[in-house]
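Reader: I've got a protein open in the viewer and I don't know where to begin. Could you walk me through how to read it?

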Amino acid sequence: MRLLFTIVAAISLLAISGCSRSKEGGNYTHVASEDSAMNAAIAKAKATSGDFIRAFHEQKPGTKDFYVKKPYPVPSGEVEHMWIKVLQESNGVLDGIVANEAEETHEVKIGQGVSLNISEITDWKYVDERRLVGGYTIRYFYERMSPEEQEDFIKETGFEL
């Protein structure tokens, strides 16, 4: 089975700016389930999800844009990972709003309220001043960009890795 991931720039921009109704077009990509670097990014996100929860509850000055990624099934039997803007957390359950347009899943739509268990997170992120914290799948894609694409990405997102 292959995992479906949205490419960094479009999803990050959607998550940072809120909810965009435009389709992501060419900014959507498939990543093989055997991709060891992506699997390591997801494992790191899962292993450090407690850091996200602590930061979310603390909401220190300068921190903003708290998002998690959750997989949703698609008709082919694979999954599409969607960014969720986190609104609250209680007893290991996160409540939030789907922050990007679905490409293949019919399970959720942009702007829809959802709940998920912390154990379902496949990535998490927030911004501290201008620095991205977490965002392990974002970093996966960033590392595969050309220097010019990386420069454009930093300009477009407004945060630094």
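Reader: Let's start with the inside and the outside. What share of the 161 residues is buried?

Author: Keep in mind that we're looking at a predicted model. A residue is called buried when its relative accessible area is under 20%. In this protein, buried residues make up 48% of the 161.

Reader: And how many helices and strands are there in the protein?

Author: There are five helices and eight strands. Reading from the N terminus, the order is β-α-β-α-α-β-β-β-β-β-β-α-α. It also helps to ask how far apart in sequence the touching residues are. Take the contacts with a separation of 6 or more: residues 24 or more positions apart account for 61% of them.

Reader: Okay, now the core. Which residues have the most contacts inside the largest nonpolar core?

Author: That core has 28 residues, and the ones with the most contacts inside it are Met38, Phe52, Val68, Ile84, Leu94, Trp124 and Tyr126. Several elements give two or more residues to this core, among them α2 (36–47), α3 (49–58), β3 (63–73) and β4 (79–90). There's also a second, separate core of 10 residues, including Val127, Ile138, Met145 and Phe153.

Reader: Can we zoom in on one of those? What is leucine 94 in contact with, leaving aside its neighbours within four places in sequence?

Author: The list includes Ile53, Val68, Val86, Val114, Leu116, Ile118 and Ile121. Gln88, Glu89 and Ser115 are in contact with leucine 94 too.

Reader: Next, helices. Which residues of α2 are buried?

Author: Here's the general idea: an α-helix has 3.6 residues a turn, so residues three or four places apart point the same way. Now the case in hand. In α2, the buried residues are Met38, Ala41, Ile42 and Ala45. They cover an arc of only 95° around the axis, so they sit on the same side of α2. The face turned away from that buried side carries the exposed residues Ser36 and Ala47.

Reader: What span should the 12 residues of α2 have?

Author: At 1.5 Å a residue, they should span 16 Å, and the end C-alpha atoms are indeed 16 Å apart, which agrees. While you're there, look at the start of α2: a side-chain oxygen of aspartate 35 comes to within 3.1 Å of the backbone nitrogen of alanine 37.

Reader: Let me try α3. Which of its residues are buried, and what do they pack against?

Author: The buried ones are Ser49, Phe52, Ile53, Ala55 and Phe56. Their arc around the axis is only 165°, which puts them on the same side of α3. They pack against α2, β3, β4, β5 and β7. Just after α3, glutamine 59 has a positive phi of about 45°.

Reader: I see rings around there. How many aromatic pairs are in the whole structure?

Author: A search finds 10. To sort a pair, check the angle between the ring planes: under 30 degrees is stacked, over 60 is edge-to-face. Phenylalanine 52 and phenylalanine 56 have ring centres 6.3 Å apart and planes at 15°, so this pair is stacked. Both are buried, and being four residues apart in α3, they're separated by about one helical turn. Phenylalanine 52 also pairs with phenylalanine 66: the centres are 5.9 Å apart and the planes at 65°, so that pair is edge-to-face. It links distant parts of the chain, with phenylalanine 52 in helix α3 and phenylalanine 66 in strand β3, 14 residues apart. One aromatic cluster is formed by Phe52, Phe56, Phe66, Trp124, Tyr126 and Tyr136.

Reader: Last one: is lysine 70 buried or exposed?

Author: Its relative accessible area is 11%, so lysine 70 counts as buried. You'll find lysine 70 in strand β3. Its side chain and that of glutamate 120 are joined by a polar contact of 3.4 Å. Leaving aside neighbours within four places in sequence, lysine 70 is in contact with residues including Glu80, His81, Met82 and Thr122. For another buried residue in β3, try tyrosine 67, which counts as buried at 1% relative accessibility.

Note on methods: Residues are numbered from 1 along each chain as its sequence is written. This is a predicted model: local features need pLDDT of at least 70, side-chain atom pairs count only at pLDDT 80 or more; totals for chains, interfaces and linings use all residues. Side-chain values use heavy atoms; hydrogens and water are left out. A nonpolar core is a set of buried Ala, Val, Leu, Ile, Met, Phe, Trp, Tyr and Cys residues joined through side-chain atoms within 4.5 Å. Buried means under 20% relative accessible area, exposed over 50%, partly exposed in between (1.4 Å probe, protein chains only). Contact means heavy atoms within 4.5 Å. The expected span of a helix is 1.5 Å times one less than its number of residues. The arc is that of the directions from the helix axis to the C-beta atoms. A polar contact is a pair of N or O atoms within 3.5 Å; within protein, one must be able to donate a hydrogen and the other to accept it, and residues adjacent in sequence count only if both atoms are side-chain atoms. Rings of Phe, Tyr and Trp (its six-membered ring) pair if their centres lie within 6.5 Å; planes under 30 degrees apart count as stacked, over 60 as edge-to-face and the rest as tilted.
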